[in-house]
Amino acid sequence: MQVRIAFAVDVDPDYTVEEGGRRKTKGKTRLSFVHTKKGLAWLLEFLREERVPATFFFEARTAKKLSRDFNLRAIAKKYEIGCHGYEHEDLTALSEKEKRKVVMKARKTVASLFGTTPAGWSSPYWKSDSSTRRILRDCGFKYEANVCGETEETAEGFVLLRTPKKCALWALMEGKRGAKEHAALLKGDAVIATHSWHTDYGESGKAKDSAERRMRLREIVRLLKSGGARFVTVGELAKGFKGLAR
Ligand SMILES: [Zn+2]
């Protein structure tokens, strides 16, 4: 059976970390959007060249920032658009009421900026729980991607696409794993996920190796394509997804 691979990109501020309850860009005193902007521009060109469909999960705040530099509606015509929080919230740390507020605000903002209603959600920090999922479903989302953990139940009609942490593209983008090695981890339908900024800089905080990061990403996409995998959006993968979804 042909393996289906969905390429997912979380579009959020440059390397977001939480420190003392404050969100900031790693190594900086506040958030920066420089690398996410450059990375997104490169990714759009890369996907066009490789003829690969993709899903962009936008953090609503980042989408607002980038709306000055990108034609978001044109992006939504070519790619699937999903949500990645309003301000990169750790939803598991919020009350039900707060969660609902964040989910609704994020959905509304992304829908109005892109002119399309998002069906998918990717949780910031890969942190999610069953109440978040119920709220997502109530608010009209059809699936959640980039979830790790084993025990949550999934409400009827709502698809949960779990990705083992080791299958995230982090190690590949950081040069800690080769493309061949990573491709070998993908045994069936899978989401391969990265961040927009990670194609421009990484954990070291240096932008100088962006060419190598980009080469690695191109290498794995080409390797999967030549191995017979079919690239789809995460939304397409969620339809009829068997195995990890329950
Ligand atoms: Zn994120």
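Here is a short chat about the zinc site, the cores and one helix of this predicted model.

Me: What makes D12, H84 and H88 donors of the zinc ion?
Reply: Happy to walk through that one! The atoms concerned are OD of D12 and NE2 of both H84 and H88, lying 2.0 to 2.1 Å from the zinc ion. A donor is an N, O or S atom within 2.8 Å of the metal, so these three residues count as protein donors. Along the chain their spacing reads D-x71-H-x3-H. D12 and H88 link distant parts of the chain, 76 residues apart: D12 is in the loop between strand 1 (4-11) and strand 2 (16-19), and H88 is in the loop between strand 5 (80-83) and helix 4 (96-114).

Me: Why is D12 called buried?
Reply: Its relative accessible area is 2%, and buried means under 20%, so D12 qualifies. H88, at 4%, is therefore buried by that cut-off too.

Me: Which residues touch the most other members of the largest nonpolar core?
Reply: Those are F7, F56, F58, L217 and L224, out of 52 residues in that core. Helix 1 (residues 34-50) gives the largest share, 6 residues. A second, separate core has 13 residues, among them A8, A145, V234 and A238.

Me: What does L224 touch, leaving out residues up to four places away in sequence?
Reply: Its contacts are I5, A183, L186, I192, A229 and F231.

Me: What covers the buried residues of helix 5?
Reply: The cover includes helix 4, strand 6 (120-122), strand 7 (143-147) and strand 8 (159-162). Beneath it are S131, T132, R133, I135 and L136, the buried residues in helix 5 (residues 130-138). After helix 5 comes G140, with a positive phi near 105°.

Note on methods:
Residues numbered from 1 in each chain as written. Predicted model: local features only at pLDDT ≥ 70, side-chain atom pairs only at ≥ 80, totals over all residues. Heavy atoms only, no water. Donors = N, O, S within 2.8 Å, 3.2 Å for Na, K, Ca; no water. Helix = DSSP H or I, 4+ residues; strand = E, 2+ residues; numbered from the N terminus. Buried < 20%, exposed > 50% of the residue type's maximum accessible area, 1.4 Å probe, protein only. Core = buried A, V, L, I, M, F, W, Y, C linked by side-chain atoms within 4.5 Å. Contact = heavy atoms within 4.5 Å.
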